[in-house]
Amino acid sequence: MSGSEKLTSLSSELDLDRPNLEDYLPSGSSIQEPHGKLRLRDLLDISPALTEAAGAIVDDSFTRCFKSNPPEPWNWNVYLFPLWCCGVVVRYLILFPGRVIVLTVGWIIFLSSFIPVHFLLKGHDNLRKKLERFLVELICSFFVASWTGVVKYHGPRPSMRPKQVFVANHTSMIDFIILEQMTAFAVIMQKHPGWVGLLQKTILESVGCIWFNRAEAKDREIVARKLREHVQGTDNNPLLIFPEGTCVNNHYTVMFKKGAFELGCTVCPIAIKYNKIFVDAFWNSRKQSFTMHLLQLMTSWAVVCDVWYLEPQNLKPGETPIEFAERVRDIISVRAGLKKVPWDGYLKYSRPSPKHREQKQQSFAESMLRRLEEK
């Protein structure tokens, strides 16, 4: 048999193994052509399935912003596992006790200085504020040292000027500590329970920090008024706001709240990017207390991050506060290498009710029906 005949025979044998697609298609008589106009009930019949499918896609995209992504394990064979065990011993039995000592010494120095300054210098406000500002920066430096923080700051340091506000992307409460060790910011922050709440009510209020409670609707008006009063003061500490309103996992940025962008002042963007080579700095507050988060950082090798102080921005003519917020978010996202997503971070705490979703589903179906009838 010649070569060409062999190829022909092999081709015919392969054709026998191929399925006949016509056998899997419905016959012409079984295919029914649509008749009549598309009715609202037809759309409503399929809209739950479409809503469920779209909801799954949206939910996956949204929850991805708040997931911890642990690094892949590298101690998977007999050669690397002993090295990993040695690392655990060093981190937990050598580094961790030393870091606890550093943080304890820091608190002793801070409290022994802050209490006398706060209570004995009440008649000398300028000197008291200056010393309290220095002491808050000092204790934040001790916190960063307790993680072996390797932080690179890029750009000019913030200065005390009226009518300016600083905004930054938000990964953890340690964002505030890392920024505070260089500049005593007055920050707007969610109220916290426990020892963090105690620090908020006593020490951090001395630098002009403002607290709010998401559950209290009236807090929004009070906070908005305090923000306007703070940015007008000439001797107030620079105001720092995390406009995302929640911690995001340092891979994405969610929508910025417009509050910081409708104060009529200069907005100074700050971009923070953590390197996960040693530890993931993202704080998932729904699964982990801040105390456990600090323990995780203190038992790691180091916390590595970069901070960029970016060019100040002002509202352009004809630009709305929402557009201004999106423009600043673009600047921060590009500098820190973060992906923008069109979600409101508050959805992390409250999801739309089933009744609200049904109403949206009904209105969507009606709008689709009107468009089809117009065509």
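Two cavities of 30 Å³ or more are counted in this predicted model, and the account below takes each cavity in turn before passing to the helices α3 and α9.

The table sets the cavities side by side.

| Cavity | Volume | Nonpolar lining residues | Polar lining residues | Charged lining residues |
|---|---|---|---|---|
| Largest | about 260 Å³ | 17 residues | 1 residue | no residues |
| Second largest | about 60 Å³ | 5 residues | 5 residues | 2 residues |

The largest cavity, with about 260 Å³ of space, has a lining of 18 residues, and those nearest its centre are Phe-143, Phe-176, Ile-177, Leu-199 and Leu-204. Several helices share in this lining: α3 (80-120), α4 (125-146), α5 (174-180), α6 (194-202) and α8 (290-298) each contribute at least two residues to it. By class the lining consists of 17 nonpolar residues and 1 polar residue, with no charged residue present.

The second largest cavity holds about 60 Å³, and its lining includes the run Met-160, Arg-161, Pro-162, Lys-163 and Gln-164, together with residues such as His-230, Val-231 and Gly-233. Asn-236, Asn-237, Pro-238 and Leu-239 also belong to the lining of this second cavity. Here the classes are divided into 5 nonpolar, 5 polar and 2 charged residues.

Helix α3, one of the helices that line the largest cavity, has 41 residues and spans 58 Å from its first C-alpha to its last, which is close to the 60 Å expected at 1.5 Å a residue. A kink of about 35° is found in α3 at Leu-95, shortly before the proline Pro-97. The buried residues of α3 are Gly-87, Arg-91, Arg-99, Leu-103, Gly-106, Phe-110, Phe-114 and Val-117, and α4 and α8 are among the elements that cover them. In an α-helix there are 3.6 residues a turn, so residues three or four places apart point the same way.

Helix α9 (residues 321-336) has 16 residues, and its reach of 22 Å between first and last C-alpha is close to the 22 Å expected at 1.5 Å a residue. Its buried residues are Phe-324, Ala-325, Arg-327, Val-328, Arg-329, Ile-332, Ser-333 and Ala-336. Strands form the packing partners named for these buried residues of α9, namely β2 (164-168), β6 (252-253), β7 (266-275), β8 (303-309) and β9 (339-340). Just after α9, Gly-337 adopts a positive phi of about 70°.

Note on methods:
Residues numbered from 1 in each chain as written. Predicted model: local features only at pLDDT ≥ 70, side-chain atom pairs only at ≥ 80, totals over all residues. Heavy atoms only, no water. 1 Å grid on protein atoms, 1.4 Å probe; cavity = no way out; pocket = protein on both sides within 12 Å on 5 of 7 lines; lining within 4 Å. Points joined across faces, edges and corners; volume = space filled by probe spheres on them. Helix = DSSP H or I, 4+ residues; strand = E, 2+ residues; numbered from the N terminus. Nonpolar A, V, L, I, M, F, W, Y, C, P; charged D, E, K, R; others polar. Expected span 1.5 Å × (residues − 1). Bend = angle between axes of the 7 residues up to and from the residue. Buried < 20%, exposed > 50% of the residue type's maximum accessible area, 1.4 Å probe, protein only. Contact = heavy atoms within 4.5 Å.
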